[in-house]
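Student: I have a structure to read and many terms to sort out. Can we go through what the words rest on?

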Amino acid sequence: MASRESLIAYRVSQRVISTSDRRYAISDMPTMNNLFTGKLTRLVAFDPEKMGELAAKWSRDSEFYQLFDSDPTLPRNAKRAQEHFRERAEKDRAGDFPFLVQAPQDERLIGEGALMHAFSPHHNAWVAIGIGERELWGKGYGSDALNLLLRFAFQELNLHRVNLGTFEYNPRAIRAYEKIGFVHEGRVRRSMRRDGKRWDNVYMGILREEWENANR
Amino acid sequence: MLQQLFEGEKIRFAAFDAEKDAEVFSKWTHDPEFLRLTEYEAARPLAPFHIKKKFEEMEKDAHGDFYYFVIRTKEDDRAIGFAHIRWIEWNHGNARLNMGIGSLDDRGKGFGSETMQMILRYAFEELNLYRLSADTFEYNEGAQKFLLKHGWQCEVRRREAVYRDGRYWDGLAFGILAEEWQAANR
């Protein structure tokens, strides 16, 4: 049962929504969080034009894309990348939710993140997150954005679990995922060859109840 | 002399022939057990039209990098199953295998084992891959035993990743390395 005070506050906030600036009203609501705003980051729309520019910029850093993806890493041209992301956006399957990651203090776009394959009879999805601005690595931006993606997965899409895969040579990511509550579920042995060595693919998963217990 | 890759003792590998095979494949999709043992997607019967469309979509999705075989009996040239390799990462020598024997009457006769031996040889001695992956489900004990028997190892157990018959089951990922296959076949 809601208290009388909170009901009044709720009515007041509803009135504010209809008459005034939505931004203030939503944060006034007693029970709902703003799904897209975390402590350090905000999830904003995936814009193919902006993503193309970012991909061109970030792809000059071969290490970033090697940490992010198993495809051969390549410097990318902004116009061609924009075309690629436009085409991909037109073919997006229902159940794919790409976002850009923004640092709210200066509105800079710092990374990308996505939930994929979320619509199936099995109530689970894959998540991916990457912070392209390397001077921001190790400062909690990726974890904050990943937590926003998980909140979206568990409290808006109402999924049962979320999967992710990363690489043995990315221990910083593995530690961050462990801290959020992801559980190691296995290693695909020697499935990558990079820098002249074989590495495992590391797979982790988190169930809704695990994430909710960690975020109570 | 090079070895014959498509001729086994009891079976052979053939190309998918939309005119002939779609009809047979459509019949298999009317058996929900076959679908639920091999597919992650919701089980549903597919008309020959949709079988053809699905094949074309898989081919397109793989950007042409799609090695698909229909398994036919040598005795009476019947289509009894399929085996395919896709999602090849050439830079890492890594790819994914999927296979199935369609009708219950054709299972337990060694057709699957021969298919596995031939597709592994194709993966490791023609595509020159370094490893293969294959997925199955906690409830498919037959597939798990089959994979272990052929030298695969269970590498990933995705907890509660599949919801069927009112409960969650683990999703399993198996793998085999070329060197393991070579050691066992020398």
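**Reading the terms**

Tutor: Start with one contact list. Beyond its neighbours within four places in sequence, A:Thr166 is in contact with A:Ala173, A:Ile174, A:Tyr177, A:Asp200, A:Asn201 and A:Val202. Keep in mind that this is a predicted model.

Student: What makes these residues contacts of A:Thr166?

Tutor: The cut-off is heavy atoms within 4.5 Å. A:Ala173, A:Ile174 and A:Tyr177 are among the residues that meet it for A:Thr166.

Student: Where does A:Thr166 sit?

Tutor: A:Thr166 is in strand S5 of chain A, residues 161–167. A:Ala128 is 38 residues away from A:Thr166 in sequence, and their C-alpha atoms are 9.1 Å apart.

Student: Is A:Thr166 buried or exposed, and how do you know?

Tutor: Buried means under 20% relative accessible area. A:Thr166 has 3% relative accessibility, so A:Thr166 counts as buried.

Student: Why is A:Gly52 called buried?

Tutor: Use the cut-off of under 20% again. A:Gly52 has 0% relative accessibility, so the word applies. A:Gly52 belongs to helix H3 of chain A, residues 48–58.

Student: Which residues does A:Gly52 touch beyond four places in sequence?

Tutor: A:Gly52 is in contact with A:Ala78, A:Ala81, A:Gln82 and A:Phe85. Take A:Phe85: it lies 33 residues from A:Gly52 along the chain, with 6.8 Å between the C-alpha atoms.

Student: What makes H3(A) oblique to H5(A)?

Tutor: Begin with the geometry. The axes of H3(A) and helix H5 of chain A (residues 78–91) come within 7 Å and cross at roughly 135 degrees. Now the classes. Over 145 degrees counts as roughly antiparallel, and 65 to 115 as roughly perpendicular. The angle of roughly 135 degrees falls in neither range. H3(A) is therefore oblique to H5(A).

Student: Which hand does the crossing of H3(A) and H5(A) have, and which residues make the contact?

Tutor: H3(A) passes H5(A) in a right-handed crossing. H3(A) brings A:Pro48, A:Glu49, A:Met51, A:Gly52, A:Glu53, A:Ala55 and A:Ala56. H5(A) brings A:Ala78, A:Ala81, A:Gln82, A:Phe85, A:Arg86 and A:Ala89. By class, this contact has 8 nonpolar, 2 polar and 3 charged residues.

Student: How do you know that A:Gly52 goes with the polar residues there?

Tutor: Gly is placed among the polar residues by the classes used. A:Gly52 is on the H3(A) side of the contact.

Student: Why are H6(A) and H7(A) called oblique?

Tutor: Helix H6 (residues 141–155) and helix H7 (residues 171–180) of chain A pack at an angle of about 50 degrees, with axes 11 Å apart. Under 35 degrees would count as roughly parallel, and 65 to 115 as roughly perpendicular. The value of about 50 degrees is in neither range. H6(A) and H7(A) are therefore oblique to each other.

Student: Which residues meet between H6(A) and H7(A)?

Tutor: A:Ser143, A:Leu146, A:Asn147 and A:Leu150 of H6(A) meet A:Ala176, A:Tyr177 and A:Ile180 of H7(A). The classes are 5 nonpolar, 2 polar and no charged. H6(A) also passes H7(A) in a right-handed crossing. A:Tyr177 is a contact of A:Thr166 as well.

Student: What makes B:Arg157 partly exposed?

Tutor: Partly exposed lies between the cut-offs of 20% and 50%. B:Arg157 is at 38% relative accessibility, so it counts as partly exposed. B:Arg157 is found in strand S6 of chain B, residues 153–164. It touches A:Glu185, B:Glu138, B:Asp170, B:Gly171 and B:Leu172, leaving out residues up to four places away in sequence. The C-alpha atoms of B:Arg157 and B:Gly171 are separated by 5.8 Å.

Student: Which class does A:Arg190 get, and why?

Tutor: A:Arg190 has a relative accessible area of 34%, so A:Arg190 is partly exposed. A:Arg190 lies in strand S6 of chain A, residues 183–194. Its phi is near 55 degrees, a positive value in a residue other than glycine.

Student: And why is B:Asn128 called exposed?

Tutor: Exposed means over 50%. B:Asn128 has 56% relative accessibility, so B:Asn128 counts as exposed. B:Asn128 is in the loop between helix H4 (111–125) and strand S5 (131–137) of chain B. B:Asn128 has a positive phi of about 55 degrees, although it is not a glycine.

Technical notes
Residues are numbered from 1 along each chain as its sequence is written. Chains are lettered from A and ligands numbered from 1 in the order in which they are written. This is a predicted model: local features need pLDDT of at least 70, side-chain atom pairs count only at pLDDT 80 or more; totals for chains, interfaces and linings use all residues. Side-chain values use heavy atoms; hydrogens and water are left out. Axes are lines fitted to C-alpha atoms, for helices over the stretch in contact, and angles run from 0 to 180 degrees between N-to-C directions. Helices (H or I, at least four residues) and strands (E, at least two) are DSSP runs, numbered from the N terminus. A crossing is left-handed if the near helix is turned anticlockwise from the far one by less than a right angle, and right-handed if clockwise. Buried means under 20% relative accessible area, exposed over 50%, partly exposed in between (1.4 Å probe, protein chains only).
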